[in-house]
Amino acid sequence: MRYSGWQVIKQGLSGNRGWKPAWRDPAPKAEYDVVIIGGGGHGLATAYYLAKEHGLTNIAVLEKGYLGGGNVGRNTTIVRANYGLEGNSQFYSHSLKLWEGLEQDLNYNVMHSQRGIVNLFHSDGQRDAYARRGNMMMAQGDDAILLDREGCRKLMPFLDYDQTRFPIFGGLYHKRGGTARHDAVAWGYARGADQRGVDLIQKCEVTGIDVENGKVVGVQTSRGAIRAKKVAMCAAGRSGQVAAMAGMRLPIESTVLQAFVTEGLKPVIDNVITYGMGHFYISQSDKGGLVFGGDIDFYASYASRGNLPMMEHVMEAGMTLMPMIGKAKLLRSWGGIMDMSSDGSPIIDKTHIDGLYVNAGWCYGGFKATPASGHCYAHLIATDRPHEAATRHRLDRFNTGRIMDEESKGSQHNLH
Amino acid sequence: MRIKCPLCGDRDSREFTPMGHETYMNRPDDEGWSPAWDNYLHLRDNPAGITREMWYHGAGCTSWLRVERDTVTHDILRVELAADVKRGNS
Ligand SMILES: Cc1cc2nc3c(=O)[nH]c(=O)nc-3n(C[C@H](O)[C@H](O)[C@H](O)COP(=O)(O)OP(=O)(O)OC[C@H]3O[C@@H](n4cnc5c(N)ncnc54)[C@H](O)[C@@H]3O)c2cc1C
Ligand SMILES: [Zn+2]
């Protein structure tokens with residue numbers, strides 16, 4: 001069924017009895033051309049683009065839980081293309097362009113809202129760094145405006161501009177940045193993939209990867225063995241475990257990132273704001289909740305929940321930046337497992353095993369990457385060549401010294 | 001999360017900085033690049049379950065500790081001085 005305003009009226013007038021499930025619930029077949037491990041945003045997008053752009057439809061996405069139950073449904077929904085590093089810059093720019101056509105392409109409302117992002121800066125040195133970043137964004141063909149303090153005040157009058165510790169000097173304004181409804185992105189891609197014949201198989205955990213003579217031949221799952229010509233790992237926070245099934249070790253350590261949401265409030269924050277000196281960023285959802293977060297809890301974790309110290313840290317940062325937030329009541333907090341790569345950038349590559357591919361290392365920034373990750377991964381799987389927007393996201397870059405360290409911190413765990 | 005430092009006793013985890021897997025205790029001797037460096041800096045088992053890590057007690061005795069921890073439950077199972085582990089008398 002094509003979704004449209006007309007359908008909403010028609011179904012509404014007939015008691016909403018005509019809606020069909022958005023995707024099937026098939027049993028796994030014995031064999032597929034491509035098996036994708038992980039039904040998060042990236043796995044579903046990969047299946048969608050494999051079917052749409054490369055005509056491959058004998059595909060299964062195997063998800064151990066339910067579609068959208070992983071990080072794709074846990075993130076704070078920020079979409080942006082303000083990266084500066086060669087390779088990342090092209091990749092996220094490619095992603096934002098896909099976002100801009102996504103709803104028409106999927107015939108699905110993912111509530112993509114280009115409400116703008118302001119990265120605040122708090123010193124002369126930081127202003128220089130952000131001006132440089134803005135120039136790099138413009139050189140890539142994306143948008144950036146350097147706001148002074150008064151420019152920021154017009155957009156966000158409620159911030160504490162004169163705090164003694166970190167007064168606000170200005171901000172880098174990326175107007176095409178914004179947010180999207182995270183679950184809807186998973187559902188939109190799922191529906192699109194299903195319509196093109198992809199089998200989305202839930203409650204199906206991959207427990208082994210079968211390799212014969214250096215070539216992948218299938219997977220073992222909680223719902224039986226499935227043969228496959230190609231297997232695409234796409235398990236985000238669980239990438240380490242899935243790769244281990246193929247005897248691989250990745251340059252990844254999994255940690256937990258927390259997020260928070262307040263009770264619904266009247267519109268107050270129009271755009272996305274990031275604090276340049278504290279670990280804090282915030283936006284307001286269409287439901288009215290203030291959605292915010294900070295840094296990872298810096299230890300390895302698979303607990304899907306964080307601890308209180310980071311929560312307290314985030315609240316403190318929020319209070320120094322916008323004291324009014326102290327009046328809001330916190331409604332919920334949660335965590336998601338982050339696949340932190342040692343240089344802070346992702347991996348989309350082949351592996352040393354023929355027919356086995358890896359997509360991992362998304363750290364805390366993989367939601368905005370969803371369209372490009374799926375698009376480039378599908379290209380790699382279908383053609384065995386990297387997509388031009390993702391030539392540098394190689395698995396061997398760590399061992400060859402071609403690391404992609406966006407923040408110039410070093411390629412070592414716990415620096416990102 | 002509380003960590004029982006062998007020197008300072010039971011303390012709030014905020015006094016400590018996690019450094020990552022215990023791989024960091026064994027820096028390769030090679031001067032040039034070798035797979036040992038890739039192992040040391042990048043590659044990880046990344047287990048869901050029991051792991052051993054380096055933690056630094058910065059707001060206490062400033063010792064480096066080796067902490068055995070469950071990454072699924074956040075339970076802390078064992079804490080030793082890294083120096084003791086290195087000397088082999090843990
Ligand atoms: C709190 C939080 C805030 C974030 N904020 C942002 C943000 O504002 N902007 C941004 O760009 N990014 C953000 N991120 C990061 C982003 O959400 C992730 O990088 C991205 O969602 C990861 O890709 P995915 O959607 O495919 O992952 P997931 O949705 O986690 O998909 C992986 C799937 O693989 C499945 N799986 C794992 N192992 C197996 C197995 N053995 N067999 C079968 N299936 C398996 C899992 O169940 C899971 O569903 C945030 C993340 C968190 C947790
Ligand atoms: Zn101590």
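Me: In which way are α3(A) and α9(A) set to each other?

Reply: α3(A) and α9(A) are roughly perpendicular (65 to 115 degrees; under 35 is roughly parallel, over 145 roughly antiparallel, the rest oblique). This is a predicted model, where local features need pLDDT of at least 70 and side-chain atom pairs pLDDT 80 or more, while totals for chains, interfaces and linings use all residues. Residues count from 1 along each chain as written, chains are lettered from A and ligands numbered from 1 in written order, and side-chain values use heavy atoms, without hydrogens or water.

Me: What angle and axis distance do the helices have?

Reply: Two packed helices are described by just those: the angle between their axes and the distance between the axes. Here α3 (88-106) and α9 (370-383) of chain A pack at about 105°, with axes 7 Å apart. Axes are lines fitted to C-alpha atoms over the stretch in contact, and angles run from 0 to 180 degrees between N-to-C directions. Helices (H or I, at least four residues) and strands (E, at least two) are DSSP runs, numbered from the N terminus.

Me: Which residues make the contact?

Reply: On the α3(A) side, look for F91(A), H94(A), S95(A), L98(A), W99(A) and L102(A). α9(A) brings T370(A), P371(A), A372(A), S373(A), H375(A) and C376(A). Contact means heavy atoms within 4.5 Å. The mix in this contact is seven nonpolar, five polar and no charged (Ala, Val, Leu, Ile, Met, Phe, Trp, Tyr, Cys and Pro are nonpolar; Asp, Glu, Lys and Arg charged; the others, Gly among them, polar).

Me: How many cavities of 30 Å³ or more are there?

Reply: On a 1 Å grid over the protein atoms alone, a 1.4 Å probe fits in a cavity but cannot get out, a pocket is an open set with protein on both sides within 12 Å along at least five of seven lines, and lining residues have an atom within 4 Å of a point. The count is three cavities of 30 Å³ or more. The largest cavity has about 70 Å³, and its lining includes E253(A), M340(A) and H413(A). β12 (252-264) and β16 (330-341) of chain A each supply at least two of its lining residues.

Me: What lines the second largest cavity?

Reply: E253(A) and A300(A), plus H21(B), R44(B), D45(B), N46(B), P47(B), T51(B) and T71(B).

Me: Which strand gives the most to the second largest pocket?

Reply: β12(A), with four residues. Among its 26 lining residues, R181(A), H182(A), S285(A), K287(A) and V291(A) lie nearest the centre of this pocket.

Methods
Points joined across faces, edges and corners; volume = space filled by probe spheres on them.
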